[in-house]
Amino acid sequence: MKPEKVSLFLLFLVCLSSTKSITSTCTAFSSISQRFREAPEFYNSPECPSLITSIDQEDAADKTNDDDNNINFDEDYKNLICSDDAVHVAMTLDAAYIRGSMAAILSILQHSSCPENTIFHFVTSASANASDLLSTTISSSFPYLKFQVYTFVDSEVAGLISTSIRSALDCPLNYARSYLANILPLCVRKVVYLDSDLVLVDDISKLATIPLGENKVLAAPEYCNANFTSYFTPTFWSNPSLSLTFSNRKACYFNTGVMVIDLYKWRDGDYTTKIEEWMELQKRMRIYELGSLPPFLLVFAGNIVSVDHRWNQHGLGGDNFRGLCRDLHPGPVSLLHWSGKGKPWARLDANRPCPLDALWAPYDLLKTPFSFDS
């Protein structure tokens with residue numbers, strides 16, 4: 001029996017025998033049991049700088065982090081992952097969104113001029129107990145991919161999470177983006193954080209090289225026409241000690257599903273602690289309704305580098321309450337983002353796709369049942 005089939009069988013036995021966390025574990029089994037095609041390999045153009053590649057993916061897979069994410073790389077792999085010429089991409093990885101993650105990875109590689117210089121950092125939930133299966137799934141479809149999987153001890157943040165208007169937003173892994181500076185190797189300076197419900201149709205290096213200047217910690221698509229006050233409760237706005245948070249900032253909503261982050265500056269400013277402080281206040285008095293987004297806004301809104309909207313054609317998941325289809329926003333397109341309730345793979349499977357879901361479908365690596373034996 002192949003190793004991945006053995007792993008799936010063992011997880012199935014766990015599902016049968018365990019009553020603890022059975023929903024998350026068995027959901028992981030049913031989702032990861034999806035099978036994916038192997039993606040084509042993409043190569044650098046001649047002008048791309050060379051990274052050290054003397055270590056192969058099998059060796060790299062053995063270099064996992066310990067419980068505290070203190071990574072002990074050998075010198076070759078350290079030079080590779082710490083290279084200034086690499087484009088670092090961080091994504092969370094879970095069973096429910098693995099199909100979207102696979103499509104996102106393929107789109108990034110396919111449109112990159114230097115795909116071999118792209119290093120992926122995948123963050124998984126420690127409580128889901130599925131990091132090995134997720135890693136196997138990635139490496140099976142992308143055997144040449146340079147990537148590292150990190151476990152996020154989501155139980156430590158679970159106590160800070162308040163319920164929101166959508167239960168999906170309450171997943172602890174949604175908050176992992178606030179901890180990237182603690183999770184990723186200290187030598188990684190700039191990282192592009194991406195959600196799993198998107199595809200790129202442009203070279204990611206253009207996004208990764210957006211200058212942050214001397215004082216900005218992150219860059220993200222910013223929307224100053226949005227009703228910023230709606231992201232916080234009347235309790236927040238009626239309390240001067242809270243609402244004055246934005247008094248000297250031109251605060252605008254920005255999308256945290258597409259961000260370029262300087263991890264050195266993040267650590268220097270201890271921004272994880274600042275985000276946690278707002279989450280702790282939220283537990284005492286309800287000041288917002290929308291999961292992991294408002295703490296980011298409280299800390300950074302009005303003090304970021306604004307990314308061109310072409311890098312976030314967002315809202316393609318439709319209306320959160322009625323699931324209505326959305327059209328593209330006017331202007332050029334570099335990234336398509338199915339933010340919102342509806343995901344393209346779910347709508348395609350249900351034979352109820354929105355028109356723009358056809359733009360996601362070419363990146364779908366899922367094997368159909370009739371092709372399993374091919």
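1. Two strands pair if DSSP finds at least two bridges between them. With that rule in hand, strand β6 (residues 218–223) and strand β9 (residues 305–307) can be read as partners, since they pair in the parallel sense over 3 bridges. What follows describes a predicted model, and it is best read with the structure in view.

2. As an overall frame, the protein chain holds 15 helices and 10 strands. Of its 374 residues, 52% count as buried. Among contacts in the chain between residues at least 6 apart in sequence, 76% join residues that are at least 24 apart.

3. Strand β6 deserves a careful look, and a student may begin by asking which strands, besides β9, are joined to β6 by bridges. One is strand β8 (residues 258–262), which runs antiparallel to β6 and is joined to it by 2 bridges, and another is strand β7 (residues 253–254), likewise antiparallel and likewise joined by 2 bridges. Single residues show how these partners are arranged: A219 stands opposite V260 in β8, while in β9 the bridge partner of A219 is V305. E222, for its part, has F254 in β7 as its bridge partner. The strand is also mostly covered, with 6 of its 6 residues buried.

4. Helix α14 (residues 293–300) is mostly covered as well, for 8 of its 8 residues are buried. The buried residues are L293, P294, P295, F296, L297, L298, V299 and F300. What covers them? The cover includes the strands β6, β7 and β8, together with the helices α10 (234–237), α12 and α13, and in this way the strand described in the previous point returns as part of the surroundings of α14. Just after the helix, G302 takes a positive phi of about 85 degrees.

5. The next point concerns two helices that pack against each other. Two packed helices are described by the angle between their axes and the distance between the axes. For helix α5 (residues 98–111) and helix α6 (residues 131–141), the angle is about 35 degrees and the axes are 11 Å apart; the crossing is right-handed. On the α5 side, I98, M102 and I105 take part in the contact, and they meet L134, T137, I138 and S141 in α6.

6. M102 is a useful residue to follow further. Is M102, which is found in helix α5, buried or exposed? Its relative accessible area is 0%, and because buried means under 20%, M102 is counted as buried. Leaving aside residues up to four places away in sequence, M102 touches F36, T137, I138, S141, F142 and L365. M102 and D197 are 95 residues apart in sequence, yet their C-alpha atoms are 9.9 Å apart in space.

7. Aromatic rings form another theme, and a search of the whole structure finds 22 aromatic pairs. One of these joins W237 and F246, whose ring centres lie 6.1 Å apart with 35 degrees between the planes, an arrangement that counts as tilted. The two partners differ in their exposure, since W237 is partly exposed, with a relative accessible area of 29%, whereas F246 is buried, with a value of 8%. Both belong to a cluster in which ring pairs link Y223, F228, Y231, F232, F236, W237, F246 and Y253. A ring can also have a charged neighbour, as at Y271, where K274 lies over the face of the ring at 4.5 Å from the ring centre.

8. The last point is about the backbone. Most residues other than glycine have a negative phi, and most peptide bonds are trans. Which residues other than glycine have a positive phi here? D270 is one of them, with phi near 50 degrees, and N351 is another, with a value of about 60 degrees. D270 lies in the loop between α12 (263–269) and α13 (271–284), and it counts as partly exposed at 40% relative accessibility. N351 is placed in the segment after α15 (344–349), and at 68% relative accessibility it counts as exposed.

Terms used:
Residues numbered from 1 in each chain as written. Predicted model: local features only at pLDDT ≥ 70, side-chain atom pairs only at ≥ 80, totals over all residues. Heavy atoms only, no water. Phe/Tyr/Trp six-rings, centres within 6.5 Å; stacked < 30°, edge-to-face > 60°. Buried < 20%, exposed > 50% of the residue type's maximum accessible area, 1.4 Å probe, protein only. Lys NZ or Arg CZ within 6 Å of the ring centre and 35° of its normal. Helix = DSSP H or I, 4+ residues; strand = E, 2+ residues; numbered from the N terminus. Contact = heavy atoms within 4.5 Å. Axes fitted to C-alpha atoms, helices over the stretch in contact; angles between N-to-C directions. Left-handed = near helix turned anticlockwise from the far one by under 90°.
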